[in-house]
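This briefing is meant to be read beside the sequence and the 3D view. Please keep both open while going through the points.

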There are 2 protein chains.
Amino acid sequence: MGTLRIAVVGYGNIGRHAVEAVQAAPDMELAGVVRRSTTSEHAEELAGIEVVTDASALDKVDVALLCGPTRSIPQTAPQYLRRGIHTVDSFDIHGEELWRLRSSLDAVGREHGSVAVVSAGWDPGSDSMVRTLLLAMAPRGLTYTNFGPGMSMGHSVVAKSKPGVVDALSMTIPVGTGLHRRMVYVELEPGADLAAAATAIKEDEYFSSDETHVVAVPSIDAIKDVGHGVLMTRKGVSGTTHNQTFEFSMSIDNPALTSQIMVSCARAAALRLSPGAYTMPEIAPLDLLPGDRETLIKTLV
Amino acid sequence: MGTLRIAVVGYGNIGRHAVEAVQAAPDMELAGVVRRSTTSEHAEELAGIEVVTDASALDKVDVALLCGPTRSIPQTAPQYLRRGIHTVDSFDIHGEELWRLRSSLDAVGREHGSVAVVSAGWDPGSDSMVRTLLLAMAPRGLTYTNFGPGMSMGHSVVAKSKPGVVDALSMTIPVGTGLHRRMVYVELEPGADLAAAATAIKEDEYFSSDETHVVAVPSIDAIKDVGHGVLMTRKGVSGTTHNQTFEFSMSIDNPALTSQIMVSCARAAALRLSPGAYTMPEIAPLDLLPGDRETLIKTLV
């Protein structure tokens, strides 16, 4: 197989970093960027890059990286899968919704010979792989995934979507044992009611199970930092031996990591997986890497 | 598929813990233990367990966990694979030797419809999965795997095998940036020469590339503790974004973790993998777990 041709669908935070990650990948080339409209916004960054409003205008696309909002994924992904184009998304709602997306894309992929990698980010995503591995290493015990302090892109998008909110930044603050406080900073429309915005945010299922505080600020731009962190801990039992302890932590630029993971998953989708849909724990880590497998096994294992 | 029937081959440090881990697994039963001879050693622990000198005496074995010394694996594994019994070993030499073992068992497995999971421990093994994942998350950068302080079972067995050495304990001491000191404690035969033993140990390829000190002690039993640790760090680049930092650490009972990982890999071998040989980064983490996949995906991803 030659160079993989990748389309980046959506040119927000993730999409811009996805373009960089595709260009940095030794085995990929950027087929183009798909946007809702060919506005002149970001024209300088996009100089020399094919920008279209419909992926069918792009030549031979192997994989579409779906960088639009999470809630657009169930509608967007099938459009590509039906044309035999593999998809990678970073759908970020855990549990039932994730399972429903995986099930529906699995059916579409199997019918059309295409692969969907679902929820390819860091949580869900690489964290899910580590959580799964830790359970295989110490089957009984407790895992805590502590996020932050850092900006949650998914939560910020949801907060921004509420009436009266011009822009928003949702910070995730770890309070230990997998519990979090959400500090939501909002820039309001002139005359908008903070209490109404706060209620709308707190009632959304993204926020409803966490302690959430909504604070009005004059400018989101002035406080935005997309760094994030995770501290995952597990203490458990291997066989009958207790007190096995594990920690996984990271401190990262959030959109850069998310888009890099999507790019790595595009490789598995195009080269290694059978038609259908997969979450990251269903993918062998080695399938995410470029290069000769013999060399990788000799140097990594 | 019903309950998996597992044979434990070898009843040393790993074998004893493997028996416990098989008995603790909800989807497995112990077919029996294979030993070189049916000595009465450990008779109490083995009460109620079938002990044989040849696995062919055991009823319907799905997977053989090969718990003998690393250097016995290339000879032992094919004997099982040829009879259609899957194998899991924790072969602990990285690089060329590991690749050669994987290649030879791959051929045998494909010919006989059986699966070999090679080097299923924590390093090589679960650490290899994490190293691979980190490379997919930040493709450029440096990973350091720092071991210890803790007893290396593989190095201890090699040290014990040298002339004049009755028993040995090799401690791995991290000195940072993936470098280690090896403190090898030896209990000598009466009249044996420490200098000769030290030379034999230092010249072995297990020790030759590390700073190694050999110290005589009156009793290995008095100092033995099978706890171990790892601190793996990576600092690297996602896309074009630098300074992404990751850490994975653990503090564990070494044989308990190794045998638990072997047991988890037995599941992938029996239920998920096509005939051939696999190292752990070639296995999807979810394939290591028992239970309903839909439930696992809803709760872990």
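The points below take up the relation of the chains, then one arginine, then one helix. The model is a predicted one, and the statements here should be read with that in mind.

**How chains A and B are related**

- A turn of 180 degrees, with a shift of 0.0 Å along the axis, lays chain B on chain A with an RMSD of 0.1 Å, and that is the relation of a two-fold axis.
- In chain B, the C-alpha nearest this axis belongs to A284(B), at 1.9 Å from it.
- Of the interface residues of chain B, 98% are also interface residues in chain A, so the copies meet through the same surface.

**R131(A) and its surroundings**

- R131(A) is part of helix α4 of chain A, which covers residues 126-137.
- With a relative accessible area of 11%, R131(A) falls under the 20% cut-off, and R131(A) is therefore counted as buried.
- The side chain of R131(A) makes a polar contact, at 3.0 Å, with the side chain of T145(A).
- Leaving aside neighbours within four places in sequence, R131(A) is in contact with H94(A), D123(A), T143(A), T145(A) and M232(A) in chain A, and with L300(B) and V301(B) in chain B.

**Helix α2 of chain B**

- Helix α2 of chain B (residues 73-81) has I73(B), T76(B), A77(B), P78(B), Y80(B) and L81(B) as buried residues.
- What covers these buried residues of α2(B) includes the chain B strands β1 (4-9), β2 (28-34), β4 (63-66), β5 (86-89) and β6 (115-117), together with helix α3 (96-112) of chain B.

Conventions: Residues are numbered from 1 along each chain as its sequence is written. Chains are lettered from A and ligands numbered from 1 in the order in which they are written. This is a predicted model: local features need pLDDT of at least 70, side-chain atom pairs count only at pLDDT 80 or more; totals for chains, interfaces and linings use all residues. Side-chain values use heavy atoms; hydrogens and water are left out. Copies are superposed by least squares on the C-alpha atoms of residues with pLDDT of at least 70 in both. Contact means heavy atoms within 4.5 Å. Helices (H or I, at least four residues) and strands (E, at least two) are DSSP runs, numbered from the N terminus. Buried means under 20% relative accessible area, exposed over 50%, partly exposed in between (1.4 Å probe, protein chains only). A polar contact is a pair of N or O atoms within 3.5 Å; within protein, one must be able to donate a hydrogen and the other to accept it, and residues adjacent in sequence count only if both atoms are side-chain atoms.
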